[in-house]
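User: I'm new to this one and would like to start small. Pick a single spot inside, take a close look at it, and then work outward to whatever it leads to.

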Amino acid sequence: MEKVSITDKQININGDRTIALVTGANQGIGLQIAKDLITHGFTVLVGSRNLERGEAAAREIGEHAYALQLDVTDQASVTAAAERIGSEFGRLDVLIQNAAISNTNKKPGQSVEEYAKTTRPSNVSIDEMRAVWDTNVFGVLAVYQAMLPLLRKSTQARIVNVSSGAGSLTMNADPANGHRAIFGPVYPASKTALNALTLAMAIELEPEGINVNAVSPGFTKTNLNGHAGTETVEEGAAEAVRVALLGTDGPTGTFTHSKFGILPW
């Protein structure tokens with residue numbers, strides 16, 4: 001495993017800059033979230049499984065962006081990342097859990113609908129389900145546990161989990177939902193589980209004043225869906241950034257979308 005590393009830029013910690021970690025930030029929605037947070041005066045740690053890609057992203061973002069090798073499925077990587085943040089910055093103000101995968105064996109050219117037919121409860125590969133849940137669910141919990149001591153050192157800590165409307169049980173239970181047919185045990189249900197984790201975290205941290213919320217980026221054009229989405233990455237990043245900017249005076253335990261407001265669990 002590569003050693004966790006902040007890029008070799010000179011790090012000048014400014015006490016009035018909010019420090020945020022964005023996982024899966026070397027591309028797509030995560031990269032856009034990082035860019036947007038920089039414009040709001042944040043220092044952003046660009047979490048990336050591949051350090052070189054993270055460093056390239058940090059260079060693209062510019063000043064106050066630093067690459068951090070972070071594989072959410074590797075406990076040693078997660079632990080080392082938290083240790084490095086602690087030694088370099090001393091605290092963490094905002095954790096945005098964006099890293100996610102939608103599949104590991106979808107065939108090239110295969111549509112989402114065609115792939116969904118291979119992941120019904122009756123025929124889904126258990127290995128496929130485990131692989132996706134390892135990133136989207138267990139990886140989120142691992143990062144949460146590792147970063148919580150650093151968040152507790154902040155006076156303005158909050159957590160934003162990037163979920164998906166595809167995981168809403170209420171919406172998928174509605175026969176009128178046009179996307180209901182693709183609900184299944186792999187990606188959609190992993191986001192259902194993420195929503196449950198979000199609520200559990202919010203309940204746990206509410207007495208400490210640390211807000212935890214889930215957001216849906218919508219159907220955004222990214223590698224996650226083979227760029228089949230209908231919204232831009234700027235639109236997809238908007239709600240995560242909005243909620244991250246709310247601070248400790250904002251809500252906790254919510255699930256929202258930038259255009260549709262509060263979503264049902």
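Analyst: Val-186 is buried, with a relative accessible area of 2%. Buried here means under 20% relative accessible area, exposed means over 50%, and partly exposed is in between (1.4 Å probe, protein chains only). Keep in mind that this is a predicted model, where local features need pLDDT of at least 70, side-chain atom pairs count only at pLDDT 80 or more, and totals for chains, interfaces and linings use all residues. Residues are numbered from 1 along each chain as its sequence is written, and side-chain values use heavy atoms, with hydrogens and water left out.

Where does Val-186 sit along the chain? It's in the loop between helix H6 (169-172) and H7. The helix and strand names come from DSSP runs, numbered from the N terminus: helices are H or I with at least four residues, strands are E with at least two.

What does Val-186 touch, leaving aside its neighbours within four places in sequence? Its contacts (heavy atoms within 4.5 Å) are Ser-102, Tyr-115, Thr-119, Val-124, Glu-128, Met-129, Val-132 and Trp-133. Take Ser-102: in sequence it is 84 residues from Val-186, yet the two C-alpha atoms are 7.6 Å apart in space.

Now follow the chain from that loop into helix H7 (187-205). H7 packs on the sheet and touches S5, strand S6 (211-216) and S7. The direction of H7 makes about 160° with that of S6, where angles run from 0 to 180 degrees between N-to-C directions and axes are lines fitted to C-alpha atoms, for helices over the stretch in contact.

The sheet itself is open, with 8 strands in the order S3-S2-S1-S4-S5-S6-S7-S8 and mixed pairing. Two strands pair if DSSP finds at least two bridges between them. S3 and S8 are the edge strands, each pairing on one side only.

S6 is worth a pause: 6 of its 6 residues are buried. On one side you find Asn-211, Asn-213 and Val-215, on the other Val-212, Ala-214 and Ser-216, and both faces are covered. In a regular strand the side chains alternate between the two faces of the sheet. S6 pairs with S5 in the parallel sense over 5 bridges, with Arg-158 opposite Asn-211. S6 also pairs with S7, again parallel, over 3 bridges, and there Ser-216 stands opposite His-257. One step further along, S4 and strand S5 (residues 158-162) are parallel too, over 4 bridges, and Ile-96 faces Val-160 in S5.

H7 also leads to the nonpolar packing. A nonpolar core is a set of buried Ala, Val, Leu, Ile, Met, Phe, Trp, Tyr and Cys residues joined through side-chain atoms within 4.5 Å. The largest one has 36 residues, and Leu-21, Leu-92, Leu-95, Met-147 and Leu-151 have the most contacts inside it. Strand S1 (19-22), S3, H3, helix H5 (126-151) and H7 each supply at least two of its residues, with H5 giving the most, 10 residues. Leu-151 alone, not counting residues up to four places away in sequence, touches Leu-92, Asp-93, Val-94, Leu-95, Ala-157, Arg-158, Ile-159 and Ile-210. There's also a second, separate core of 28 residues, which includes Val-44, Val-160, Ala-237 and Val-241. In soluble globular proteins, nonpolar side chains tend to be buried together.

Strand S1 holds Ile-19, which is buried at a relative accessible area of 2%. Beyond four places in sequence, Ile-19 is in contact with Thr-43, Leu-45, Phe-89, Arg-91, Leu-92, Asp-93 and Val-94.

Phe-89 then brings us to the rings. Rings of Phe, Tyr and Trp (its six-membered ring) pair if their centres lie within 6.5 Å; planes under 30 degrees apart count as stacked, over 60 as edge-to-face and the rest as tilted. The count comes to 2 aromatic pairs. Tyr-66 and Phe-89 have ring centres 6.1 Å apart and planes at 55°, so this pair is tilted. Tyr-66 lies in strand S3 (residues 65-69) and Phe-89 in the loop between helix H3 (75-88) and strand S4 (94-97), so the pair ties together parts 23 residues apart in sequence. Both Tyr-66 and Phe-89 are buried. Phe-255 and Trp-265, with centres 5.5 Å apart and planes at 20°, are stacked. Phe-255 is buried at 1% relative accessibility, whereas Trp-265, at 32%, is partly exposed.
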